[in-house]
Amino acid sequence: MKSEEIIPEGQIADRKSAHVRLCLEENVAGEGVTSGFEKYHFRHQALPELDFATISLQTSFLNQPVATPLLISSMTGGSQATGDINKRLATVAEQRGWAMGLGSVRAAIEHDELAATFNVRQQAPNIPIIANLGAVQLNYGFGIDQCRRAVDLAEASALVLHLNSLQEVFQPEGNVNFAGLLLQIEQIAKQLEVPIGIKEVGWGIDGETARLLVDAGASFIDVAGAGGTSWSQVEKFRSIDPVRRAAAEAFAGWGTPTAECIVDVRQELPEMTIIGSGGLKNGVDAAKAIALGADFAGFGRSLLGAAVESTEALEQVLAQVEFELSAAMLGIGAGDITALQSTTRLRSNV
């Protein structure tokens with residue numbers, strides 16, 4: 001199925017549908033910046049002393065058992081077409097045992113008729129589901145009531161507040177007041193009944209910033225580093241402002257590589273739950289992310305095309321990532337995720 005079939009041309013004015021279409025059809029990757037995983041390699045273990053069939057991907061997310069250390073990163077929702085994508089993602093995530101992040105639930109908070117596009121509990125009754133709001137909305141009238149509403153309508157296990165300052169700056173309708181957010185995040189974390197996480201959207205969170213966020217009450221950090229989708233590039237294609245369109249080119253290489261973010265945050269926060277996302281392409285990248293210090297590996301745009309195409313296509317992609325991850329673990333003699341996290345067989349190329 002082509003993108004225009006699931007996202008009709010008449011809906012392109014809708015921001016959520018426009019984001020999906022652009023991620024599918026335009027070159028929205030960062031330029032001159034990578035995820036950083038290519039700077040590492042595993043030293044092969046010729047004698048792994050393992051039965052491949054017994055390798056376990058099982059782990060837990062915030063004390064909830066899950067079948068894999070893999071996450072469908074926050075992508076979409078907020079229109080009928082993108083709601084259909086969310087249901088497809090949730091169906092396969094449930095089948096494969098992946099955790100799932102939702103796109104920003106703001107649209108459903110402001111328009112009740114869109115709430116169903118984010119409620120995928122019927123498709124995914126057992127996996128962790130993470131609701132999502134922009135942290136900046138705390139400076140534009142959102143508070144604990146809206147955060148609780150986001151969690152309730154998604155029947156979510158946790159709430160992530162995303163940090164997307166540069167996206168908002170380049171977005172035609174962006175909200176750009178990011179002043180004083182740390183204190184507001186702290187207040188929400190104290191009041192909300194489920195764990196709060198913080199994520200970037202593709203430019204990365206470093207250790208120093210992660211420490212501030214955890215001290216404010218965050219229960220997990222999704223570094224969401226550079227190397228994948230650049231949202232200044234996405235917004236460039238939406239903008240009719242010639243200044244913003246031209247200026248976006250200066251930021252095509254902006255951000256901290258995902259691998260660097262994982263290492264930095266883990267060094268600063270040895271016990272914190274970390275999600276490594278941003279530019280992961282396959283299960284070997286996932287293995288590297290976990291060996292570098294992540295607890296979970298998140299995949300976003302690399303799943304989107306299959307999610308638009310069919311449930312079967314998406315299931316195949318997720319199965320391939322799991323197989324690649326398991327094969328990489330055999331290749332270094334790691335029989336489970338704990339062994340992968342403690343491996344000494346990941347080496348820097350530089």
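Contact here means that heavy atoms lie within 4.5 Å of each other. In this predicted model, that criterion places Ser-239 in contact with Pro-172, Arg-244 and Arg-245, once its neighbours within four places in sequence are left aside. The points below cover the surroundings of Ser-239, helix H9, His-19 and a charged surface patch.

**The loop after H9**
- Ser-239 is found in the loop between H9 and H10, and because its relative accessibility is 5%, under the 20% limit, this residue counts as buried.

**Helix H9**
- Helix H9, which spans residues 231-238, is mostly covered, with 7 of its 8 residues buried.
- The buried residues of H9 are Trp-231, Ser-232, Gln-233, Val-234, Glu-235, Lys-236 and Arg-238, and they pack against helix H2 (15-25), helix H6 (165-170) and helix H10 (242-248).

**His-19 in helix H2**
- His-19 belongs to helix H2 and counts as buried because its relative accessibility is 8%.
- Not counting residues up to four places away in sequence, His-19 touches Trp-231, Val-234, Glu-235 and Arg-238, as well as Gln-167 and Gln-171.
- Between His-19 and Thr-82 there are 9.9 Å in space, C-alpha to C-alpha, although the two are 63 residues apart in sequence.

**A negative surface patch**
- Asp-206, Glu-208, Glu-260 and Asp-264 together form a negative patch on the surface.
- Glu-260, a member of this patch, is placed in helix H11 (residues 258-268), and this residue counts as partly exposed because its relative accessibility is 47%.

Key
Residues are numbered from 1 along each chain as its sequence is written. This is a predicted model: local features need pLDDT of at least 70, side-chain atom pairs count only at pLDDT 80 or more; totals for chains, interfaces and linings use all residues. Side-chain values use heavy atoms; hydrogens and water are left out. Patches are made of residues with over 30% relative accessible area and no salt bridge: like charges are joined within 9 Å, nonpolar side chains (Val, Leu, Ile, Met, Phe, Trp, Tyr) within 5 Å. Accessible areas come from the Shrake-Rupley method with a 1.4 Å probe; for residues, only the protein chains shown count as cover. A salt bridge is a side-chain nitrogen of Lys or Arg within 4 Å of a carboxyl oxygen of Asp or Glu. Lys and Arg count as positive and Asp and Glu as negative; His and the chain ends are not counted. The place of a charge is taken as NZ of Lys, CZ of Arg, CG of Asp or CD of Glu. Helices (H or I, at least four residues) and strands (E, at least two) are DSSP runs, numbered from the N terminus. Buried means under 20% relative accessible area, exposed over 50%, partly exposed in between (1.4 Å probe, protein chains only).
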